[in-house]
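Student: I should like to learn how to read the features of a structural model, one at a time. Could we begin with the general layout and then proceed to the details?

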Amino acid sequence: MAYSDRELLARLIQCEAGGEGETGMKAVASVVMNRVHAKGGEYARVGQGSIRNIIFQPYQFVCASETENGAYNPQNIYNMRPEAIHYEIADWAIAGNRLPEAADALWFYNPFGPNCRSRFPSDVGYWYIRIGDHCFYNPTNAYYDT
Amino acid sequence: MIQNYMEQTDWTQEVQAGPRSSSAPMQPMQPQQEMQIRPWFPQEPQASQPSAAPEPAGLDMSCPMMSCQHSPTTNAEAYQGSLKSLLSRNVGYFIVATFLIGSEDTVVWQGILHTVGNDYLVIYQPDYNRYISADLYSLKFVEFHNTQSIPYFAGMNQWSGSKT
């Protein structure tokens with residue numbers, strides 16, 4: 001059975017940031033919804049305002065794919081068991097709320113170390129803040145040319 | 001409450017059982033393929049060649065045989081070739097439906113296709129435990145995502161996490 005947007009978002013939140021606590025999960029939810037409502041650039045063009053399109057855009061969220069680098073990725077949204085907190089955060093984000101620290105963020109990643117890259121994924125994003133294990137990046141002007 | 005999705009609505013069966021017009025043109029047909037429901041492409045020979053897209057194991061996007069290959073001659077054939085009939089055949093699946101509001105704006109409703117009426121359709125949203133009725137004539141696009149799984153059944157409290 002296909003998942004609804006709310007279900008997809010709740011599972012993605014749990015998969016990507018389940019161990020980051022409520023703030024970390026809200027930050028990830030904010031990134032996803034920022035992409036959904038992007039005013040321009042790649043995410044506006046590819047997503048077209050659809051949560052499903054954003055989550056399943058290829059090579060964006062590892063959790064949305066069952067394979068990674070050719071091998072099976074067990075940490076994916078289909079293996080998740082979302083709980084009330086994940087649905088609450090999904091509803092919170094869909095309703096338009098954003099974590100203030102991640103109000104403009106379009107990218108995040110886990111550096112698995114103490115230092116965040118200054119740019120991610122490339123010149124289109126500059127490092128803004130670190131929340132838990134995730135570094136968050138806001139769009140530069142170059143992003144809107146993608 | 002949700003009824004059994006496997007039941008056809010009565011008036012649909014009435015239409016299908018209606019008498020065919022005696023002036024309906026005969027179509028060349030291979031007897032062994034009589035019960036096969038496949039999309040018919042004029043360029044391909046009628047022999048059992050695999051169609052370009054794999055036939056989904058649940059959704060019924062094809063046209064009932066002999067009903068969509070020519071201009072309809074009966075009301076039954078005309079109905080089988082309609083959007084209403086296509087939706088009726090796929091009740092029970094999760095859909096994302098886009099409606100046109102006014103001349104430019106669109107609104108999207110997603111959920112399980114529950115009922116198709118004469119000029120309305122009903123969508124059930126398990127996440128919010130509500131039914132939404134919508135104007136069938138404003139419907140522009142419908143996305144069917146679970147192309148390989150079974151429809152939603154009333155007995156399920158939550159779907160079991162299948163891929164599609």
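Tutor: Reading along the sequence, one finds in chain B the order α-α-α-β-β-β-β-β. That amounts to three helices and five strands. Please keep in mind throughout that this is a predicted model.

Student: What share of the residues in chain B is buried?

Tutor: Burial is judged by counting neighbours, and a residue is buried if 20 or more other C-beta atoms lie within 10 Å of its own. In chain B, which has 164 residues, buried residues make up 14%. A second summary concerns contacts in chain B between residues at least 6 apart in sequence: of these, 50% join residues at least 24 apart.

Student: Is B:Ile112 buried or exposed?

Tutor: B:Ile112 belongs to strand β2 of chain B, residues 105-116. It counts as buried because it has 23 C-beta neighbours inside 10 Å. If neighbours within four places in sequence are set aside, the contacts of B:Ile112 are B:Gly92, B:Tyr93, B:Phe94, B:Ile123, B:Tyr124, B:Pro126 and B:Tyr152. For one of these, B:Pro126, the separation along the chain is 14 residues, and the C-alpha atoms of the pair are 8.0 Å apart.

Student: Let us turn to helix packing in chain A. At what angle do helix α1 and α2(A) pack?

Tutor: A helix pair is described by the distance between the axes, the angle and the handedness of the crossing. Helix α1 of chain A (residues 5-17) packs against α2(A) at about 125°, and their axes are 9 Å apart. Angles over 145 degrees count as roughly antiparallel and 65 to 115 as roughly perpendicular; α1(A) and α2(A) are therefore oblique to each other. Their crossing is right-handed.

Student: Which residues of α1(A) and α2(A) meet?

Tutor: From α1(A) come A:Leu9, A:Leu12, A:Ile13, A:Glu16 and A:Ala17, and from α2(A) come A:Gly24, A:Met25, A:Val28, A:Ala29 and A:Val32. By class, the residues of this contact are eight nonpolar, one polar and one charged.

Student: How does one read the packing of α2(A) with α5(A), and at what angle do the axes cross?

Tutor: The same three descriptors apply. The axes of helix α2 (residues 21-36) and helix α5 (residues 84-94), both of chain A, come within 9 Å and cross at roughly 40°. That angle makes α2(A) oblique to α5(A), and the crossing is right-handed. On the α2(A) side the contact involves A:Met25, A:Lys26, A:Ala29, A:Ser30 and A:Met33, which meet A:Ile89, A:Ala90, A:Ala93 and A:Ile94 of α5(A). The residues of this contact comprise seven nonpolar, one polar and one charged.

Student: How many residues does the largest nonpolar core have, and which have the most contacts inside it?

Tutor: A core is traced by linking buried nonpolar residues to one another. The largest here has 52 residues, and those with the most contacts inside it are A:Leu9, A:Leu12, A:Ile13, A:Val28, A:Ala29, A:Val31 and A:Val32. The largest share of this core, eight residues, comes from α2(A). Consider A:Leu9 in particular: apart from neighbours within four places in sequence, A:Leu9 is in contact with A:Ala29, A:Val32, A:Ile51, A:Ala90, A:Ala93 and A:Ile94.

Student: Where does A:Gly19 lie, and is it buried or exposed?

Tutor: A:Gly19 is in the loop between α1 and α2 of chain A. A residue with 12 or fewer neighbours is exposed, and A:Gly19, with 10 other C-beta atoms within 10 Å, is therefore exposed. The C-alpha atoms of A:Gly19 and A:Gln75 are separated by 13 Å, the two residues being 56 apart along the chain.

Student: Let us end with the backbone. Which peptide bond is cis?

Tutor: Omega describes the peptide bond. The bond from A:Phe120 to A:Pro121 is cis, with omega near -5°. A:Pro121 is located in the loop between β3 (107-109) and β4 (125-131) of chain A.

Student: What is phi of A:Tyr59, and what is phi of B:Asn129?

Tutor: A positive phi merits attention in a residue other than glycine. For A:Tyr59, phi is near 65°, a positive value in such a residue. A:Tyr59 lies in the loop between α4 (51-55) and β1 (67-68) of chain A, and is exposed, with 8 other C-beta atoms within 10 Å. For B:Asn129, phi is near 50°, also positive in a residue other than glycine. B:Asn129 sits in the loop between β3 (120-125) and β4 (130-135) of chain B and, with 7 C-beta neighbours inside 10 Å, counts as exposed.

Terms used: Residues are numbered from 1 along each chain as its sequence is written. Chains are lettered from A and ligands numbered from 1 in the order in which they are written. This is a predicted model: local features need pLDDT of at least 70, side-chain atom pairs count only at pLDDT 80 or more; totals for chains, interfaces and linings use all residues. Axes are lines fitted to C-alpha atoms, for helices over the stretch in contact, and angles run from 0 to 180 degrees between N-to-C directions. Helices (H or I, at least four residues) and strands (E, at least two) are DSSP runs, numbered from the N terminus. Angles under 35 degrees count as roughly parallel, over 145 as roughly antiparallel, 65 to 115 as roughly perpendicular and the rest as oblique. A crossing is left-handed if the near helix is turned anticlockwise from the far one by less than a right angle, and right-handed if clockwise. Two residues are in contact if their C-beta atoms, placed from the backbone, lie within 7 Å. Ala, Val, Leu, Ile, Met, Phe, Trp, Tyr, Cys and Pro count as nonpolar, Asp, Glu, Lys and Arg as charged, and the others, Gly among them, as polar. A nonpolar core is a set of buried Ala, Val, Leu, Ile, Met, Phe, Trp, Tyr and Cys residues joined through C-beta atoms within 7 Å.
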